[in-house]
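I am keeping these notes as I look through one structure, beginning with its overall layout and ending with its cysteines.

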Amino acid sequence: LKTLGLRKGGISVVSCPTCGRTRIDLIGLAEKVEKMVSKYDNLDIKVAVMGCVVNGPGESREADIGIAGGNGEGLLFRHGEIIRRVAEEDIIDALRDEIARLNENIQ
């Protein structure tokens, strides 16, 4: 229902299809993000999980925040603008911190 826009609330996660540029386990990363965001019913935002740092931020400009994986590093971005580079192993934590910050701002 959320995907169709019939139910509001909660975080919607969008992901790109994998391609030759993907250097991370994108499906596993997207699953981790979906699990992580499931507790935020009060946030009505879109989170993008993208497979490459080359096109990821630009292709997901309509997302409120997102991550893009690379080879050993990742990007955290907001509305397509890169806000921070992080080590690949820290990408989920960086996204979690950003979502927590957004959550604090609406309460």
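Helices and strands here are DSSP runs, with at least four residues for a helix and at least two for a strand, numbered from the N terminus. With that in hand, I looked up the protein chain of this predicted model and found three helices and five strands. Reading along the sequence, I noted the pattern β-α-β-α-β-β-β-α.

Next I checked the overall dimensions. The radius of gyration is 13 Å, close to the 13 Å that the globule rule gives for 107 residues, so the protein chain is as compact as a globular protein of that length. Its C-alpha trace spans about 35 × 25 × 25 Å along the principal axes, and 42% of the 107 residues count as buried.

I then turned to the strand pairing. Strand E1 (residues 12–15) and strand E2 (residues 46–50) run parallel and are joined by four bridges, with Val-14 standing opposite Ala-48 in E2. Between E1 and E2 the chain passes through helix H1 (residues 26–37), and I recorded this β-α-β crossover as left-handed.

Last, I asked how many disulfides a search of the whole structure finds. The search finds zero, where a disulfide would need a pair of cysteine sulfur atoms within 2.5 Å. For Cys-16, the nearest cysteine sulfur is that of Cys-19, 6.5 Å away, and Cys-16 counts as buried because its relative accessibility is 17%, under the 20% cut-off. For Cys-19, the nearest cysteine sulfur is that of Cys-52, 5.6 Å away, and Cys-19 counts as partly exposed because its relative accessibility is 45%.

Note on methods
Residues are numbered from 1 along each chain as its sequence is written. This is a predicted model: local features need pLDDT of at least 70, side-chain atom pairs count only at pLDDT 80 or more; totals for chains, interfaces and linings use all residues. Side-chain values use heavy atoms; hydrogens and water are left out. Two strands pair if DSSP finds at least two bridges between them. A crossover is right-handed if, with the strands pointing away from the viewer, the path from the first strand over the helix to the second runs clockwise. Buried means under 20% relative accessible area, exposed over 50%, partly exposed in between (1.4 Å probe, protein chains only). The radius of gyration is taken over C-alpha atoms; the globule rule is 2.2 Å times the number of residues to the power 0.38.
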